[in-house]
Amino acid sequence: KEINYVFVQGQVMSSTVLSDELNKLKNRLSNERDRFDHWENVIVDWDPESILEYEFRNNNVLVGEEKIRVVKESERTFTLESINVMDGPDFRETYMYASIINRRMDSLHISSITPEGTYTASISTTKTSALITGAAPFHGEFAYEENLEAGTLLLGPFTSRYFELDIMANYMLGMMLKRSRLEDGGADQLPVIQIELNSEEFGKNLIVDNSDFTILRENQNQYKIIYNTFSGYRSITASSFVVNVKLNDKNTVEKISSSGREIRLKAE
């Protein structure tokens with residue numbers, strides 16, 4: 001009924017040692033780590049009052065976090081910054097900076113730390129094209145152009161295993177740049193160019209094929225965002241997916257959810 005010693009591969013462990021190891025394990029599991037310690041030099045310049053914090057949960061297990069700040073010159077001209085950190089097995093830390101001028105995406109910059117190395121990508125736009133430049137592990141520097149439709153959203157990368165709930169900033173941009181006067185049952189379709197930062201699947205040109213967001217208003221606080229399929233190998237088997245979007249009384253995205261996964265505003 002009482003264990004005094006355990007023998008493991010010729011080593012003797014006393015009940016005291018086992019108890020100490022179990023307590024260390026409990027402390028390690030219960031103490032939340034700071035997912036943003038690599039980004040302190042960025043966050044230090046952010047006004048704490050301007051920061052929105054989100055938690056990523058997969059079947060109610062915390063798998064990542066994101067901090068977002070929006071700096072508005074006006075309702076039509078603003079910048080959005082985000083830092084997204086996802087846990088393993090698909091570890092990724094992604095910084096994203098978007099500039100919106102007169103409700104048009106002017107530029108997007110991304111830096112992402114992954115197991116294979118650090119990716120950087122920048123998109124600058126004209127009325128008809130997007131110039132994508134950057135550097136990727138194994139492939140080095142890249143530069144190429146994509147055609148650009150009016151009203152195109154420039155979005156950050158998926159986070160692999162949790163791909164249908166990737167970077168909250170993507171959905172935030174979609175909601176901020178939709179046509180604001182949608183009636184209940186009304187929809188808006190926004191073309192999308194999304195940087196994938198996945199050289200294993202996409203090769204040197206690290207970009208998802210042009211797709212779109214369809215934003216459907218159910219009522220004042222409930223929306224659906226329908227993403228029209230994938231590129232790469234997923235396009236063979238995947239169809240459109242739908243995420244549910246809930247706004248709070250301040251018209252801020254409070255929660256998005258899909259298939260047991262959700263991103264929700266962190267409780268203060």
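This section describes the strands, the salt bridges and the largest pocket of a predicted model.

The account begins with the paired strands. Strand E1 covers residues 5-8, and strand E2 covers residues 11-14. E1 and E2 run antiparallel and are joined by four bridges. Within this pairing, Val 6 stands opposite Met 13 of E2. E1 and E2 form a hairpin with two residues between the strands. In that hairpin, Gln 9 takes a positive phi near 50°.

Further along the chain, strands E4, E5 and E6 are linked by pairing. E4 spans residues 61-72, and E5 spans residues 78-86. E4 and E5 are antiparallel and share nine bridges. One pair in this set is Glu 65 with Val 85 of E5. Five residues lie between E4 and E5, and the two strands form a hairpin. The next strand is E6, residues 92-101. E5 pairs with E6 as well, again in the antiparallel sense and over nine bridges. Here Ile 83 has Tyr 95 of E6 as its bridge partner. E5 and E6 also form a hairpin, with five residues between them. E5 therefore has antiparallel bridges both to E4 and to E6, where a pair of strands needs at least two bridges to count.

Strand E5 is mostly covered. Nine of its nine residues are buried. The burial extends to both faces of the strand. On one side lie Phe 78, Leu 80, Ser 82, Asn 84 and Met 86. On the other side lie Thr 79, Glu 81, Ile 83 and Val 85. Ile 83, the partner of Tyr 95, thus belongs to a covered face. The same holds for Val 85, the partner of Glu 65.

Two residues around these strands add detail. Gly 64 is found in strand E4. Its relative accessible area is 0%, so Gly 64 is buried. Gly 64 and Glu 93 are 29 residues apart in sequence. In space, their C-alpha atoms are 9.6 Å apart. Thr 77 is found in the loop between E4 and E5. Thr 77 counts as buried because its relative accessibility is 18%, and the cut-off for burial is under 20%. A polar atom of the Thr 77 side chain lies 3.1 Å from the backbone nitrogen of Asn 102.

Salt bridges were sought across the whole structure, and 14 were found. One of them joins the side chains of Glu 53 and Lys 67, with 2.9 Å from N to O. This pair links distant parts of the chain. Glu 53 is in strand E3, residues 51-58, whereas Lys 67 is in E4. The two residues are 14 apart in sequence. Glu 53 has a relative accessible area of 30%, so it is partly exposed. Lys 67 has a relative accessible area of 13%, so Lys 67 is buried.

A salt bridge also joins Lys 224 and Glu 218, at 3.9 Å from N to O. Both residues of this pair are partly exposed: Lys 224 has 23% relative accessibility, and Glu 218 has 36%. Another salt bridge brings Arg 264 and Glu 262 together, with an N to O distance of 2.6 Å. Arg 264 is partly exposed, at 27% relative accessibility. Glu 262 counts as buried, at 16%. Elsewhere, salt bridges with shared partners join Arg 35, Glu 65, Asp 87 and Lys 266 into one network. Glu 65 of this network has Val 85 of E5 as its bridge partner.

The largest pocket contains about 960 Å³ of space. Its lining is made up of 32 residues. Nearest the centre of the pocket lie Leu 52, Lys 250, Asn 251, Thr 252 and Val 253. Three elements give two or more residues to the lining: E3, E4 and helix H3, residues 168-177. E4 gives the most, with four residues. By residue class, the lining divides into 14 nonpolar, six polar and twelve charged residues. E4 thus recurs in several parts of this description: E4 holds Lys 67 of a salt bridge, pairs with E5 and gives four residues to the pocket lining.

Technical notes: Residues numbered from 1 in each chain as written. Predicted model: local features only at pLDDT ≥ 70, side-chain atom pairs only at ≥ 80, totals over all residues. Heavy atoms only, no water. Salt bridge = Lys/Arg side-chain N within 4 Å of Asp/Glu carboxyl O. Buried < 20%, exposed > 50% of the residue type's maximum accessible area, 1.4 Å probe, protein only. 1 Å grid on protein atoms, 1.4 Å probe; cavity = no way out; pocket = protein on both sides within 12 Å on 5 of 7 lines; lining within 4 Å. Points joined across faces, edges and corners; volume = space filled by probe spheres on them. Nonpolar A, V, L, I, M, F, W, Y, C, P; charged D, E, K, R; others polar. Polar contact = N/O pair within 3.5 Å; in protein donor to acceptor, adjacent residues only side chain to side chain.
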